[in-house]
Amino acid sequence: MAEPAAVGSAGWQPAAAPVDMTAARDAVRRLLPEHSGQIQLTALQGGAERFRVAGKAGAIEIQGSNPAAALTGLHWFLKYTCGAHISWAGSQLGLPQQLPAPDRPYERSATVPHRFALNDTHDGYTAPYADWEHWERFIDVMALHGCNEVLVTAGAEAVYHRLLKDFGYSDAEARRWIPAPSHQPWWLLQNMSEYGGPISAAVLQRRTDLGKRIVTRLRELGMNAVLPGFFGTVPDDFTDRNPGGRTIPQGDWNGLTRPAWLDPRTAVFRKVAASYYAHQKALFGEIKHVKMDLLHEGGKAGDVPVPTAARAVETALQTALPGATWVILGWQHNPRRELLDALAHKDRALVVDGLSDLERVTNRETDFGGVPYAFGTIPNFGGRTTIGAKTHMWTDRFTGWRDKAGSKLAGTAYMPESTHRDPAAFELFSELAWRQEPVNRVQWFANYARLRYGGQDEQARKAFATLRGTAYEIASTDGRPHDSIFAARPSLTARSGAHYATHSPAFDLAEFDLALTALLGVRESLRGSDAYRYDLADTARQALANRSWLLIGQLKSAYDRKDLAGFRKISTLWLSLMGLSEEVAGTHASFLLGPWLADARKMGGTDTADQDLLERTARTLLTTWADRPAADRGRLANYANRDWQGLIGDFHLPQWRAYLEELEDALAARRAPKAFDWYAIEEPWTREHKSYAQRPTGDAYSTARRVHDALAKAPYQGSVAVRSEPATLKPGGTGEFKATFRNENGLRSTGTVDFSLTGLQNAEPQGSTSVLHVKQGERATVHWRVRAPKEKLTEPLKPLAYELAVEYGPQGERRVRTPHQGKLYVAGPLDDGLSTVTSNDAVFGQLGKRFAINGAGDDMWKGTTHFGAIYREGGLRTGGSVTVKVVAQQATGPWARAGIIVRNALPGATSPGFVNLSVTPANGVALSYDSNGDGTLDAFERVAGVKAPVLLRLSRDGGSFQGELSTDDGANWRTVATVSVPGVRARQDAGLFMSATNGGNGERGTVEFTDWEVH
């Protein structure tokens, strides 16, 4: 396989002289024990950070500007000369006895100086109890992939332990404040403390020793360890023991109490920071990079000016570590712009941006005020077993952003919350920094198919072409791949495994199936590698997880219509697929619960109490996350869900079985189902000590084949969409009613598909209502001509209920009948001068001063903006106001919204000046707004305890908006809030709106309005 053409570039980091290649040579012996004698590593002196590959067969010469760069060159040689691959999730090293020579010598230079790796949460979600053997291999893999800056949190507890003893705390008190290793990342982020503690002296020492070995190895390889810095996190009683200090309470984070923040303006802070960095240096040696996120995820500044605090934190850092780089995470509202603007040394700061691949992010030079940044991504959350990333955004953006005039792009940052997943994503991203030219994704994935399995294979290419267009081109606006609803707390309204997740499929589910079919078709001679077994197990697992999204809505529909027989069939299918998921997960070590728990107990040494405590925290992180407040109120339950053998079978599957059986019994008895206290059911499992398999069981190929065959013949793999043209009918009017069936089974065609429509009088089929078959992933549409009654309207929207039934099944299998209830609307026409806009499939009607909107919509927050509105273009200017009464609102979700909407331009995906004042079924009246001018809603104020009917008023004064409510038709007004919104233009579109905010379950609702006025 020829190495792609390389173009050199100017470098920033001269190589140290002399360069010791011993650590790199040792890595080669570990990685390629049978071939290491054929590889000679030498140093390149001076110039850019780079590698050079040359030599002849059996005598390969690799030069690098430092040991890590040489290892990057080694991997480039393995991939593009040998057709081999080393990854953190399955490798393929089918090398010939004599290594082949490269076609020609080639050299590549790093195009950016920073290649940062790992997320703050990595040490929790990936392997909190991993030993040196894990880390040694992990560091080798990161070096092979060109990383040169690695976040290291192991051992940070030792710095704090020593620090607290300097400031009045005993050994026991200091250890009590430090959480268990599984939860330490969030302590270092100032989100929590103490959970799972106290940490024992023995575990503290083991973690300290591990951290030292990690930092030492990175240094030996010429890589930089990025360690946590000090920005003020202290115990709540710190100032009681240290007069002159001052702390700001931080409240809570997702149900967990946050530790206090020591005011950086004080002399005590300066003294504490100096002690912190002195201890850090004593433990780990000279450090050039520190990671700090001031007031992360809702931290409270109190009366401390953020710019002053930032300058004080920066001064303490530069005093202790002159010239050190302050690394800051770009995530949500972090870092605050006022923090960046206050820095005295912007050239000594680096924002590792976790959102570079989101469509709404367009100009980081402006966003970060000229501070250098690394183009970054967070493709995994919580360690969930998801496949997916926005690789199309990486290849479309990176080179252009790097090379544009005035660019501050100075690096890359690969920051999954957990690693050891998605090897293709990591491979592609890691190559960005070593290519002057843009990556051609089509060619790249074709090449990857060869090197991943060790040979040219048409089916392997098809598999990765499919993955390229589905999982590696995810459409979610938040950048998250979808997880499995099998891993959710059981509920018919669940639309993700975790609450903090994307709530609709991130890619086409039926198309994804083609990857499973293709992988099973890879020729037998290429199936022997661990890389192939990993990919096959993962793809089969994902195909099963995808079915949870297809079936959950049908479960709910069957239950809602009290179809006991249908509900029982779908429940049986649901549980059987979960059982298959347990089986396929067991065929690869990456999907086993056993090693995760065994590592926790191993970290406890011979102390049974430590073993039990650490095992419990390991179990907890995957399930309840922490105690009840975090699991329930903080909604962290199953945040770190995984499709792991053992976790599916012993935790999730029993819950779903109990839940579905109770719903079935309730349907049979015609009673309401009992409520489940899920935490009470989950918590006992976290205290168990059952051991699980630590080695794979079963054959990956035969198990994946059974998964394929089971899914190919499974029923209930169809979806139906209906549409009326026009969207609403006028009294006595006619229209065309379309029903489109999609075969969501990407593995087999359907047999005959029959449609029937009832409930709409005078509905006339326009052709056949039967289709002989529908191919995998394809659609079939049937049509009816419908006519609305001629009666005079008494409401703005009059519903005409119907039932559309579809009978279908996979070719050769028994068919099932699935009814779909819906409503077609007769609507009163809108007044002249009014416009409508919808991103939630809304319909609109008016009758005099009364208005109604019926629509769906997943959410109205950040990257998701689903709403339907009736509005006046340019209707609101400074000094003006909008008033409307929300008469009635259906409770399609606790945050369903109805009220007033204002934006510079309501049509289109986004626009600045975005404000809405809305009533909700369960969260009162909220004033939501765009606080940073990016066109998305990201902040809100609210008044609780108010429901429809309610009169709302939104007033504008320049860029300031005041929201008010009245529950007595305007006799008395109550202020919700007054907020400032950037980017507001002189005249804005203003109207009334609704969003079902249903969390992705497809539910629709109707909202009625009256007394709408725009002044």
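A disulfide is a pair of cysteine sulfur atoms within 2.5 Å.

**Figure 1. Cysteines without a disulfide.** By that cut-off, this predicted model holds zero disulfides. Two of its cysteines are worth a look here. Cysteine 82 has a relative accessible area of 16% and is therefore buried. Cysteine 147, with a relative accessible area of 6%, is buried as well.

**Figure 2. The largest nonpolar core.** In soluble globular proteins, nonpolar side chains tend to be buried together. Here, the largest nonpolar core has 270 residues. If you would like places to start looking, the residues with the most contacts inside this core are Leu74, Trp135, Met142, Phe230, Trp574 and Trp625. Helix α19, spanning residues 530–560, gives the most to this core, with 14 residues. Apart from the largest core lies another one, of 37 residues. Val925, Tyr929, Leu954 and Trp1012 are among the residues of this other core.

**Figure 3. Tryptophan 135 and its surroundings.** Tryptophan 135 is among the residues with the most contacts inside the largest nonpolar core. Leaving aside its neighbours within four places in sequence, tryptophan 135 is in contact with Leu118, His122, Asp123, Ala130, Met142, Leu210 and Ile214. Met142 appears in both settings: it is a contact of tryptophan 135 and is also listed among the residues with the most contacts inside the core. Tryptophan 135 belongs to an aromatic cluster too, in which ring pairs link it with Trp88, Phe138, Phe375, Trp394, Phe398, Trp401, Tyr414, Phe426 and Phe429.

**Figure 4. Two edge-to-face ring pairs.** A pair of aromatic rings is described by the distance of the centres and the angle of the planes. The structure holds 54 aromatic pairs, and two of them are introduced here. Tyrosine 276 and tyrosine 277 have ring centres 5.3 Å apart and planes at 90 degrees, so this pair is edge-to-face. Tyrosine 276 is buried, at 0% relative accessibility, and tyrosine 277 is buried with a relative accessible area of 3%. The second pair joins tyrosine 659 and phenylalanine 676: the ring centres lie 5.9 Å apart and the planes meet at 65 degrees, so this pair is edge-to-face too. Tyrosine 659 sits in helix α24 (residues 647–669), while phenylalanine 676 sits in the loop between α24 and α25 (678–686), so that the pair links distant parts of the chain, 17 residues apart. Tyrosine 659 is buried, with a relative accessible area of 11%.

**Figure 5. Arginines over aromatic faces.** Two arginine–ring pairs can be viewed together. Arginine 480 lies over the face of phenylalanine 381, 4.2 Å from the ring centre. Arginine 619 lies over the face of tryptophan 685, at 4.5 Å from the ring centre.

**Figure 6. Histidine 588 in its loop.** Look for histidine 588 in the loop between α20 (564–585) and α21 (594–603). At 5% relative accessibility, histidine 588 is buried. A polar atom of the histidine 588 side chain lies 3.0 Å from the backbone nitrogen of serine 590. Beyond its neighbours within four places in sequence, histidine 588 is in contact with Asp530, Arg533, Tyr534, Ala537 and Pro696.

**Figure 7. Asparagine 224 in strand β7.** Asparagine 224 is found in strand β7, residues 224–228. At 16% relative accessibility, asparagine 224 counts as buried. Leaving aside its neighbours within four places in sequence, asparagine 224 is in contact with Asn148, Glu149, Val150, Lys288 and His289.

**Figure 8. Cis peptide bonds before proline.** Asparagine 334 and proline 335 are joined by a cis peptide bond, with omega about -5 degrees. Proline 335 is in the loop between β14 (325–330) and α12 (337–342). The peptide bond from alanine 948 to proline 949 is likewise cis, and its omega is near 5 degrees. Proline 949 is in the loop between β36 (939–943) and β37 (950–957).

**Figure 9. Positive phi at glutamate 297 and lysine 862.** Although glutamate 297 is not a glycine, it has a positive phi of about 45 degrees. The loop between β13 (289–291) and α11 (306–320) holds glutamate 297, which is partly exposed, with a relative accessible area of 27%. Lysine 862, also not a glycine, has a positive phi of about 50 degrees. Lysine 862 is in the loop between β29 (860–861) and β30 (864–865), and at 24% relative accessibility lysine 862 counts as partly exposed.

Technical notes
Residues are numbered from 1 along each chain as its sequence is written. This is a predicted model: local features need pLDDT of at least 70, side-chain atom pairs count only at pLDDT 80 or more; totals for chains, interfaces and linings use all residues. Side-chain values use heavy atoms; hydrogens and water are left out. A nonpolar core is a set of buried Ala, Val, Leu, Ile, Met, Phe, Trp, Tyr and Cys residues joined through side-chain atoms within 4.5 Å. Buried means under 20% relative accessible area, exposed over 50%, partly exposed in between (1.4 Å probe, protein chains only). Helices (H or I, at least four residues) and strands (E, at least two) are DSSP runs, numbered from the N terminus. Contact means heavy atoms within 4.5 Å. Rings of Phe, Tyr and Trp (its six-membered ring) pair if their centres lie within 6.5 Å; planes under 30 degrees apart count as stacked, over 60 as edge-to-face and the rest as tilted. A charge sits over a ring if NZ of Lys or CZ of Arg is within 6 Å of the ring centre and within 35 degrees of the ring normal. A polar contact is a pair of N or O atoms within 3.5 Å; within protein, one must be able to donate a hydrogen and the other to accept it, and residues adjacent in sequence count only if both atoms are side-chain atoms.
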